[in-house]
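Hi,

Here is the structure I promised to send over. Have a look at it first, and then read on for what turned up.

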Amino acid sequence: MKADTRNDRTPSIACELAERLGARRRERGLTQGQVAVRLGISRQAVSKWGTEGE
């Protein structure tokens with residue numbers, strides 16, 4: 001198993017991406033379902049992005 005060498009205070013790329021996607025979605029007034037349809041994925045997948053790192 002590979003050790004995680006990043007600093008615990010440094011957000012992971014996945015967490016940072018999830019935060020940015022959520023912010024842009026809200027700025028544009030889109031629901032998770034609308035984003036999912038536009039991307040051709042499930043609403044549950046979009047929802048999971050928002051809970052990464054929690």
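One definition before anything else: a salt bridge here is a side-chain nitrogen of Lys or Arg within 4 Å of a carboxyl oxygen of Asp or Glu. By that rule the count comes to three salt bridges. Please keep in mind that this is a predicted model.

First, the overall picture. The protein chain has three helices and zero strands, so the pattern along the sequence reads α-α-α. Of its 54 residues, 17% count as buried. The accessible surface of the chain is about 4,700 Å², with 52% of that belonging to carbon and sulfur atoms.

There is also an annotation to go with it. UniProt, in an unreviewed entry, lists residues 23-49 as "domain: HTH cro/C1-type". In the model that span is 74% helix and 0% strand, and its end C-alpha atoms lie 12 Å apart.

Now back to the salt bridges. One of them joins the side chains of R20 and E16, at 2.9 Å from N to O. Why can these two meet? R20 and E16 are four residues apart in helix 1 (residues 13-27), which means they are separated by about one helical turn. As a general point, an α-helix has 3.6 residues a turn, so residues three or four places apart point the same way. As for exposure, E16 is partly exposed, with a relative accessible area of 33%.

The R24 and E27 side chains also meet in a salt bridge, this one at 3.8 Å from N to O. Here the spacing is three residues, again within helix 1, and again the separation is about one helical turn. E27 forms a salt bridge with R28 as well, where the closest N and O atoms are 3.7 Å apart. That links R24, E27 and R28 in a network of salt bridges. Are the members of this network buried or exposed? R24 counts as partly exposed at 42% relative accessibility, while E27 is exposed at 57% and R28 is exposed at 56%.

Helix 1 deserves a look of its own. It has 15 residues and reaches 21 Å from its first C-alpha to its last, close to the 21 Å expected at 1.5 Å a residue. Which residues of helix 1 are buried? They are C15, A18, G22 and R25. These cover an arc of only 95° around the axis, which puts them on the same side of helix 1. I13 and E27, on the other side of helix 1, are exposed. Just after helix 1, G29 takes a positive phi of about 70°.

Last, the nonpolar surface. L17, L21, L39, I41 and W49 make a nonpolar surface patch of about 430 Å². W49 lies in helix 3 (residues 43-51). Why does W49 qualify for a patch? Patch residues need over 30% relative accessible area and no salt bridge, and W49 is partly exposed, with a relative accessible area of 31%.

If you open the model, I would start with the network of R24, E27 and R28, then turn to the buried side of helix 1 with C15, A18, G22 and R25, and finish at the patch that includes W49.

Cheers

Key
Residues numbered from 1 in each chain as written. Predicted model: local features only at pLDDT ≥ 70, side-chain atom pairs only at ≥ 80, totals over all residues. Heavy atoms only, no water. UniProt positions renumbered as here; feature names shortened; annotations may be inferred. Helix = DSSP H or I, 4+ residues; strand = E, 2+ residues; numbered from the N terminus. Patch = residues over 30% accessible without salt bridge, like charges linked within 9 Å, V, L, I, M, F, W, Y side chains within 5 Å. Areas by Shrake-Rupley, 256 points an atom, 1.4 Å probe, with all protein chains shown as cover. Buried < 20%, exposed > 50% of the residue type's maximum accessible area, 1.4 Å probe, protein only. Expected span 1.5 Å × (residues − 1). Arc of directions from axis to C-beta.
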